[in-house]
2 protein chains.
Amino acid sequence: MGLVVQKYGGSSVADAEGIKRVARRIVDTKKRGHQVVVVVSAMGDTTDELIDLAEQVSPIPAGREFDMLLTAGERISMALLAMAIKNLGHEAQSFTGSQAGVITDSVHNKARIIDVTPGRIRTALDEGNIAIVAGFQGVSQDKKDITTLGRGGSDTTAVALAAALDAEVCEIYTDVDGVFTADPRVVKKARKMDWIAFEDMLELASSGSKVLLHRCVEYARRYNIPIHVRSSFSGLPGTWVSSERPASLASRDHVSQGSQGGSPVEQAIISGVSHDTSEAKITVVGVPDKPGEAATIFRAVADAEINIDMIVQNVSAAATALTDISFTLPKSEGHKAMEALSRAQTVIGFDSLRYDDQIGKISLVGAGMKTNPGVTATFFEALSNAGVNIELISTSEIRISVVTRADDVNSAVQAVHSAFGLDSDSDEAVVYGGTGR
Amino acid sequence: MGLVVQKYGGSSVADAEGIKRVARRIVDTKKRGHQVVVVVSAMGDTTDELIDLAEQVSPIPAGREFDMLLTAGERISMALLAMAIKNLGHEAQSFTGSQAGVITDSVHNKARIIDVTPGRIRTALDEGNIAIVAGFQGVSQDKKDITTLGRGGSDTTAVALAAALDAEVCEIYTDVDGVFTADPRVVKKARKMDWIAFEDMLELASSGSKVLLHRCVEYARRYNIPIHVRSSFSGLPGTWVSSERPASLASRDHVSQGSQGGSPVEQAIISGVSHDTSEAKITVVGVPDKPGEAATIFRAVADAEINIDMIVQNVSAAATALTDISFTLPKSEGHKAMEALSRAQTVIGFDSLRYDDQIGKISLVGAGMKTNPGVTATFFEALSNAGVNIELISTSEIRISVVTRADDVNSAVQAVHSAFGLDSDSDEAVVYGGTGR
C-alpha cells in the first residue's frame, strides 16, 4: 500500500457538508492502508468573491498582494478539512504551499513550480498524519513571497507533490465522472474512458477538453505519475491517465465496458473528439508574398505576448504576388492582437485585417491514428456528410483539427464521434482500410 | 519624523469603503514624512464567520488547524489594504505574522510573543514601502506552525512591532474616541482623557475597561512605547497611554479641556471608574478554619486552569471553627470551577458551594490615590449615598474594587464618577482632606 495524493476541487468542498463528505472519503483511503496527501482548492466561490473585493479597492490589483489575498481561500478550506478529519478520529495536519515546500519563480498570479521540497509533509506522514496541502500556491525562491500558480494550479500542485513524494497515483476528484470521448453536454452518447495515454490527454487538453489542464498532464508525464480523474460525488472509478494502460484495469474493464456496450480499449485507435469555441480567427489580407513577411507578422503578435494556435497561409495569387495569412488565438486576446498588427501595418505592408470570432474548432485525438490509415478520410467524410464546411486544417502526429463556423460545432462533433464508433451503443470501434491517414 | 505603527481593528476595515478610508489615512501619515507600519485585523465579522464554519465541521476544533483557519482573515484584509494604498500611488507590501518575524510559543489559540525579528519589515520600509502586517498571528519558534495570539492579539502585535522597530508611537485606531473616565454608555458625563499613565491603564484594563487589553498595555510599558488610542472615523486626537504625560499635549489640553469644562489633567488624582459584569462569585461554605484549607481549595481551581480575581475569607465563627471563602471568576468558567470543587469536596471537607452570577464589580483607579488621603472614604460614601450594598472589597496601591449586586452597577458607577469630580461639567477635581486613604 503506497502513498496516494488526492486533489479535491472547489465544488467538492463548497460547504461544511461537502467538507465532511470529502473527509470521510479521505479517511476511507487511509483505512485501506495508504499514506494520504490531500491537495484542496478554495471553497466554492471563495476565490471569485476575493477577486470581487480586490476590484472594489483597486481597479488593477498588484500581483504580490493579489496572490496574498487569493491564497487565503485555500487556507480556509484546508484547515476546515483537517478539522473534519480529526473529528472522525484520525490525525491530520494542514500545510500552506510554502510549508509544503512548493517553490516557484516570482511571476505573480501565474508562477511556475521550480522545485518541491516536501520535508514537512514527509515528517507528518511518518508520524501517522494525513497531510492536507493548500493547492494553487507556493513561495517564490528568491524573495520568499507568496505566489499563485494560475488556472488549474491546484491540479498542478497535486501532481508536483505526487512526483516529489513518489506517489503511487495522483487522484484528481472533480464534479464529473472522468474523461469522456467527447463533451457529454454536446454528445449524449459520449463514453467515459477507463484509461487514456498521457499523449492523447495532452492533445485533448490543448484542443478544448477542460477536465485536466495541459500543464498538469505535462508535469505528470514528465515524472511518470499516473493520474486518476474521478468524481467526488460517486464512488465509481474514473479515468486513468498514464503512460501505459494499468494492468489492474483488465478485469474491471470487461464489466464496465460491457455494461456500456463498448469495445475493449486496447483496440481503440481514437481516444476522443474535443471542441473549442473560445478562439477567434484573424486574417491578414494582401501580404506581399516574399520571404520574412510571416516572421514580421508573428513577431508583432508575439511581442504583444499573445499565444496563437493554428496558422494557414493561402497559396499566392500569381497575378498580384499577394497572399492572405490566417491564424487563430483566444478571443480574450483578439483586441490586443488587432491593435498590435495595426500598429505594424506600414512595416509589414499588408492591405487590411479581418477579425472573426464566430468560429469553432473540432479535434480528433488518438495515438492509434499514427499507424492506422484512413483516419483523415473518415474524419472529412463525416464532416462532409453532416454538411459542415471546413475553413482551416491543422494536424499533429496524433491529432487532426479543423476550424468551422461556430454554429456547426455541435453537429460536427456528433458526426465525428459516431463515425469513429465512439458512441456508447456501438459494438466495436471502426476498423480502417485503405492507405494514407 | 520617526516611525509610526498604526493598528486598525475589524470595524475600521469592515468593507471596501472602510479599507479605502483607512488607506487614505495611512497615506496621509506617510506624506507627513513618517515611516509607517500598519497592523490590521480581519474585516468585520470574518473571524466569527470562520469560527462558525469550524463549528459546523467539528465540535471541538483542533488548536493548530483552528489557528491556520483564523489567520486567513487578516491575510485578506492586509492584502486588500496594500492594494488600496498602491491604488493611491504609494508603495505598500503586506506581510503575514510569520513574514513579519512575530515569533511565538506553541500554545495554539493564545500564543505568547517570544521575539520579534522584523528584518523584512525594515527592508520594506527602507525601500520606501508602507508595511502592512497581519495582526493576531505569529509563527511558533519550535515547530514553525502558524499561531494566533488570542483576544486582543492585533493590539499586541502592533505594540510588539513598535517595540522591535523602536517606533515613536503605536497608534491604536478603534471605533471609540479614546479612553474615557467611565464607560460612556453608562455615564453620560464620562470624559475622554487626553493622557493616562501605563499603571492606571493597566488597572482599568484588568477591572473591566475594554478599550485596551492588559496584555497589550503591559507590553507597551515594558518597552516604554507610547500608545495613542484614537478613532479611525474622526480626525480627532485620542488618548495617550505612556509613562509620562507627553510635553506636546500641554497646549492642546487647554483647548480640549477648556471646551469640556474639565480640570487640567496634571492635577487629577483619579483616572477613571471601570465596571465589569462578566464575573460570577463562588462561595465555599463551612470550610474548617485551619492552615492549608485555602491552599487546597485554590489548588483545585488552579488545576482546572481557571483564573480567579478577588478572594475574601470570612472571619471564622468561633463556635464552629468553620469559615466561608468567596472568590470571583469569569462567568464563562463558572461551570468548570464548580465541577472541580465538587470533585474535591471530600478532600477539602467543606459543607456546600454557592454560585452567584448576578454580581457586578466597580473599580476606582488612579495613581494619585497613593498619596491622597480620603479617597477610600469618599468612594464608600458615594456608594452608600447611592444605596449600593457592598459584598466584597479588594484593593491595590492605585485601585479600589467592590462587588455589588449586578442591578446596582450602573448607579454605583455614576455616583462614584460624580463624587470624584470626573463629570464633564465639573470645574475641578475634588480635593481630599482628612487622613488615611
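1. A friendly place to start is helix α7 (residues 214-223) of chain B: B:Arg221 and B:Glu218 sit three residues apart there, so about one helical turn separates them. Their side chains meet in a salt bridge, at 3.3 Å from N to O. B:Arg221 is partly exposed, with a relative accessible area of 31%, and B:Glu218 also counts as partly exposed, at 23%. Please keep in mind throughout that this is a predicted model.

2. Next, a pair that bridges distant parts of chain B. B:Asp145 forms a salt bridge with B:Arg64, and their closest N and O atoms are 3.0 Å apart. B:Asp145 belongs to the loop between β7 (137-140) and β8 (146-148), while B:Arg64 lies in helix α3 (residues 63-87), and the two are 81 residues apart along the chain. Are these partners buried or exposed? B:Asp145 has a relative accessible area of 6% and is buried; B:Arg64, at 10%, is buried as well. Both values fall under 20%, the cut-off for counting a residue as buried.

3. Another salt bridge in chain B joins B:Glu91 to B:Lys86, with 3.6 Å between the closest N and O atoms. Here B:Glu91 is partly exposed at 45% relative accessibility, and B:Lys86 is partly exposed at 29%.

4. How many salt bridges does the structure hold over all chains? The total is 35, and the pairs described above are among them. As general background, side chains of opposite charge can pair when their charged atoms come close.

5. Turning to chain A, you may like to look at the surface patch of negative charge where A:Asp45, A:Asp48, A:Glu49, A:Asp52 and A:Glu55 gather. One of these, A:Asp48, lies in helix α2 (residues 46-57). With 51% relative accessibility, A:Asp48 counts as exposed, because the cut-off for that class is over 50%.

6. Finally, the overall build of chain A. Its secondary structure comprises 14 helices and 20 strands. The C-alpha trace spans about 80 × 55 × 30 Å along its principal axes. What radius of gyration does chain A have, and what would a compact globule have? Chain A has 24 Å, and a compact globule with 437 residues would have a value near 22 Å, so the two agree. Of the 437 residues in chain A, 56% count as buried.

Note on methods
Residues are numbered from 1 along each chain as its sequence is written. Chains are lettered from A and ligands numbered from 1 in the order in which they are written. This is a predicted model: local features need pLDDT of at least 70, side-chain atom pairs count only at pLDDT 80 or more; totals for chains, interfaces and linings use all residues. Side-chain values use heavy atoms; hydrogens and water are left out. Patches are made of residues with over 30% relative accessible area and no salt bridge: like charges are joined within 9 Å, nonpolar side chains (Val, Leu, Ile, Met, Phe, Trp, Tyr) within 5 Å. Accessible areas come from the Shrake-Rupley method with a 1.4 Å probe; for residues, only the protein chains shown count as cover. A salt bridge is a side-chain nitrogen of Lys or Arg within 4 Å of a carboxyl oxygen of Asp or Glu. Lys and Arg count as positive and Asp and Glu as negative; His and the chain ends are not counted. The place of a charge is taken as NZ of Lys, CZ of Arg, CG of Asp or CD of Glu. Helices (H or I, at least four residues) and strands (E, at least two) are DSSP runs, numbered from the N terminus. Buried means under 20% relative accessible area, exposed over 50%, partly exposed in between (1.4 Å probe, protein chains only). The radius of gyration is taken over C-alpha atoms; the globule rule is 2.2 Å times the number of residues to the power 0.38.
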